Amino acid sequence: MFAIEFGENGDILCSGRLDASQCAKAQGFMDSVSGPSVLDFDQLEYISSAGLGILLKTQKRLVESGAALRRINVNHHIHDVFRYSGFHTIFEIEAQ
Amino acid sequence: MQKKFARSFDSLGAIYAFTEEILASGNVEDAVRFPVHLAMEELFTNMVKYCPENDNEILLDVAVIDGCASIALTDYDVDPFDVTAPRVIEAELPIEGRIPGGLGLRLVQQMVDKLEYNYHDRQSTVRFTKGSG
């Protein structure tokens with residue numbers, strides 16, 4: 001099960017497994033993000049390249065408008081995925 | 001253990017459950033399970049994306065030997081596509097130069113221990129292993 005929502009502090013909270021079958025849900029939510037935002041992946045268990053594609057697409061759109069996704073809390077497995085894909089250079093990442 | 005799955009992203013939940021049950025019963029450690037599930041998804045979705053007109057199910061074979069996971073995916077009546085061919089991503093490019101896509105097989109190649117591809121009689125089989133070492 002994958003869930004994405006705004007937290008009380010305005011952070012974007014993701015939880016569960018973001019695989020290719022959940023991309024429409026994730027993309028629909030991220031398309032509504034319009035300003036500088038914090039992604040909190042504390043409860044995200046899994047992400048594949050399909051999820052990375054959504055993050056990249058969103059980040060490119062926000063950067064063009066002068067904003068960005070500013071920080072992502074990630075578990076060590078997801079941290080490895082970011083590192084192997086080179087996403088650690090385009091997202092500010094805080095490993096747990 | 002073998003099982004066939006419909007050629008659809010909607011199969012991913014069932015594939016995860018099927019694989020996770022076997023990995024858990026084989027006492028495969030968490031550090032191995034994550035890359036196994038990731039490689040499984042990337043390879044399966046690759047088969048789905050590049051042959052959407054094919055109605056054949058995809059065969060999954062999952063085994064655990066001494067804590068090492070051995071996975072095979074077999075696709076029927078397809079053109080060859082060697083997933084072991086080197087994939088280069090420009091990991092140091094600034095965001096302006098990045099394009100979505102192409103990451104999946106690169107991640108597979110980096111995160112599994114062994115990756116093999118076999119093609120004959122219009123049948124593609126991808127096999128990979130991942131162990132604790």
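This dialogue goes through some features of a predicted model.

Reader: Which strand does β3 of chain A pair with, and how do the two run?

Author: Strand β3(A), residues 37-47, is joined by three bridges to strand β4(A), residues 69-74, and the two run parallel. One bridge to look up is that of Ser37(A), whose partner in β4(A) is Leu69(A). Between these strands the chain passes through helix α2(A), residues 49-64, in a β-α-β crossover that is right-handed.

Reader: What is the strand order in the open sheet of chain B?

Author: Five strands make up this sheet, in the order β1-β2-β3-β5-β4, and their pairing is antiparallel. An edge strand pairs on one side only; here the edges are β1(B), residues 2-5, and β4(B), residues 114-120. Direction ignored, neighbouring strands of the sheet are turned by 15° against each other on average.

Reader: How many bridges join β1(B) to β2(B)?

Author: Four bridges link β1(B) to β2(B), residues 58-65, in antiparallel fashion. Within that pairing, Lys4(B) has Leu59(B) of β2(B) as its bridge partner.

Reader: Which strands of chain B does helix α1(B) touch?

Author: Helix α1(B), residues 12-25, packs on the sheet and touches β1, β2 and β3 of chain B, the last being residues 68-76. The direction of α1(B) makes about 20° with that of β2(B).

Reader: Now the interior. Which residues have the most contacts inside the largest nonpolar core?

Author: The general idea is that nonpolar side chains in soluble globular proteins tend to be buried together. In this model the largest nonpolar core has 56 residues, and Ala39(B), Leu43(B), Phe44(B), Leu73(B) and Val108(B) have the most contacts inside it. Helix α2(B), residues 30-50, gives the most to this core, with 10 residues.

Reader: What does Leu43(B) touch, leaving out residues up to four places away in sequence?

Author: With those left out, Leu43(B) touches Leu73(B), Val83(B), Val108(B) and Val126(B).

Reader: Why does Tyr117(B) count as partly exposed?

Author: The class comes from counting C-beta neighbours within 10 Å: 20 or more is buried, 12 or fewer is exposed, and anything in between is partly exposed. Tyr117(B) has 15 inside 10 Å, so this residue counts as partly exposed.

Reader: Where does Tyr117(B) lie, and which residues does Tyr117(B) touch?

Author: Tyr117(B) lies in strand β4 of chain B. Not counting residues up to four places away in sequence, Tyr117(B) touches Asp82(B), Val83(B), Thr84(B) and Val126(B). Tyr117(B) and Thr74(B) are 43 residues apart in sequence, with a C-alpha to C-alpha distance of 10.0 Å.

How values were computed. Residues numbered from 1 in each chain as written. Chains lettered and ligands numbered in written order. Predicted model: local features only at pLDDT ≥ 70, side-chain atom pairs only at ≥ 80, totals over all residues. Pairing = 2+ DSSP bridges. Right-handed = clockwise from strand over helix to strand, strands pointing away. Axes fitted to C-alpha atoms, helices over the stretch in contact; angles between N-to-C directions. Contact = placed C-beta atoms within 7 Å. Core = buried A, V, L, I, M, F, W, Y, C linked by C-beta atoms within 7 Å.
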